[in-house]
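Reader: I am new to this structure and would like a close look at a single part of it, set carefully within the rest of the chain. Could you take me through the place where the metal is held?

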Amino acid sequence: MKRKRIAAALCAAALCIGMFSASFAETPAEKVERLRQESAAAEENVEAHEAAVQTAANQKEAYTQKVQAIQQQIEIQKQLVTAQKEVLDEACRATADKLLETERTRALFEDRLVAMYIRHNNSDLATLLSVSTFAEAVRYIDNLRAIAQSDTELLETLRKQSEELAARQAEEEAAYQQLQADQAALEQQGAELADALQKAEAAYSKEQADLAAAQATATQTGEELKKAEEEYAAWVAQNDNSSPEFTDGVFQWPLPGYTRVSSPFGWRTLNGKQDFHRGIDLPAPQGTRIYAAASGVVSFNAHSSYGNCVKISHGGGLVTIYAHMTAHAESLYEGCTVQAGDLVGYVGNTGNSYGNHLHFEADLNGQPVSVYNYLG
Ligand SMILES: [Zn+2]
């Protein structure tokens, strides 16, 4: 077979000059297939990296917003702390003022008491003795008592007010401490978020770089694939020119185990009309494997009535057709080569078909011929 001969010749040549390597074992078709897979993988890789970049961008954006939000919160908190400091300072001043007033009043009253004591010792007796009546004396003592009582009450009131102011000052101090603690907590949170944002930005940059690398690889693989496809096309053209004959000789049976023909090649009556049947119909369960009758080059282009269909060009104008499949083999692609016995697809009921079967057809120079001409 042609391809094998070329591969063997290449291998022999490689061995002669002592440069045998894996690349010599790869045919142009295999190279195309490998690069198709590599290119598809590279494209998938690009998509994965695009998704990763998007995720990283979203994360970065989320942290940016969180950082902005907490910065605003910190600003508000700072204003609250400043306002509370003023309230606290005012409370401190009020407490200090009241204490001062209390102390001054106490000192004043003490001075008066001292003065009254001295006066009492020196002259109150004289005053008492000088009052003309008992009633006057009683009134005088009552006055002294009333003064002492009033002083005591005023001092008590001042003491209570001082206590209340001190209590209020303590409350404002506690509130101030709490606001400061809250600010510190917010600033800590802000620092952590800023750190997370920095990391998210670094991750985003890295994902962007990875994406660029993946895109470069995909572009390069795509170019290699294009070149390999051109080389392959040239190889096929050359191969076809050098092989005008069908050289495989005898077809392999495409559907091992299923030999019953439900509709033969040639004229038949279908729904009361005369119809030329271009191949033979072989009933088989859906999914039954279909194999290439001979080696050749694959194409898919066929009339829609054939459903999922594979054509194999064998050289010399001879083509086999496998129609109505559920699907062709995944490994196949337009222009790939298959060997006799390679999997081409699975029995189905697609296109103009009534029940699962393989329509197996041979065309010579575009005209249908009996497949039995080639089945030995
Ligand atoms: Zn048919």
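Author:
**The zinc site and its surroundings**

Both His 277 and Asp 281 are buried, and they are a good place to begin in what is a predicted model. These two residues belong to the set that holds the zinc ion, which is coordinated by His 277 through NE2, Asp 281 through OD and His 359 through ND1, at 2.0 to 2.1 Å. Read along the sequence, the donor residues of the zinc ion follow the spacing H-x3-D-x77-H.

Beside the donor His 277 in the sequence stands Phe 276, which counts as partly exposed because its relative accessibility is 31%, a value between the limits of 20% and 50%. The ring of Phe 276 is paired with that of Trp 267: their centres lie 5.3 Å apart and their planes meet at 75 degrees, so the pair is edge-to-face, a term that applies over 60 degrees. Trp 267 itself is exposed, since its relative accessible area of 62% is over 50%. The structure holds five aromatic pairs, and Phe 251, Tyr 322, Phe 360 and Tyr 374 form one aromatic cluster, in which Phe 360 directly follows the donor His 359 in the numbering. A ring also takes part in another kind of arrangement at Tyr 204, where the charged end of Lys 60 sits over the ring, 4.9 Å from its centre.

The third donor, His 359, falls within the residue range of strand S11, which runs over 357-364. After that strand comes the loop that leads to strand S12 (367-369), and Asn 365 has its place in this loop. Although Asn 365 is not a glycine, it has a positive phi of about 50 degrees, and it is exposed because its relative accessible area, 61%, is over 50%. His 324 likewise has a positive phi, of about 70 degrees, without being a glycine, but its setting is another one: His 324 is found in strand S7, residues 318-325, and it is buried because its relative accessible area of 5% is under 20%.

Ser 295 lies in the loop between strand S4 (289-291) and strand S5 (296-299), and with a relative accessibility of 10%, under the limit of 20%, it counts as buried. The C-alpha atom of Ser 295 is separated by 7.7 Å from that of Ile 312, although the two residues are 17 apart along the chain. Two cysteines are also buried, Cys 309 with a relative accessible area of 6% and Cys 336 with 4%, while the structure as a whole holds zero disulfides.

To set this part within the whole, the secondary structure of the chain comes to four helices and twelve strands, and buried residues make up 31% of its 376 residues. Among contacts between residues at least 6 apart in sequence, 72% join residues at least 24 apart. The accessible surface of the chain comes to about 22500 Å², and carbon and sulfur atoms account for 55% of that area.

Note on methods
Residues are numbered from 1 along each chain as its sequence is written. This is a predicted model: local features need pLDDT of at least 70, side-chain atom pairs count only at pLDDT 80 or more; totals for chains, interfaces and linings use all residues. Side-chain values use heavy atoms; hydrogens and water are left out. Helices (H or I, at least four residues) and strands (E, at least two) are DSSP runs, numbered from the N terminus. Buried means under 20% relative accessible area, exposed over 50%, partly exposed in between (1.4 Å probe, protein chains only). A disulfide is a pair of cysteine sulfur atoms within 2.5 Å. Contact means heavy atoms within 4.5 Å. Accessible areas come from the Shrake-Rupley method with a 1.4 Å probe; for residues, only the protein chains shown count as cover. Rings of Phe, Tyr and Trp (its six-membered ring) pair if their centres lie within 6.5 Å; planes under 30 degrees apart count as stacked, over 60 as edge-to-face and the rest as tilted. A charge sits over a ring if NZ of Lys or CZ of Arg is within 6 Å of the ring centre and within 35 degrees of the ring normal. Donors are N, O and S atoms within 2.8 Å of the metal (3.2 Å for Na, K and Ca); water is not among the atoms, so sites may look incomplete.
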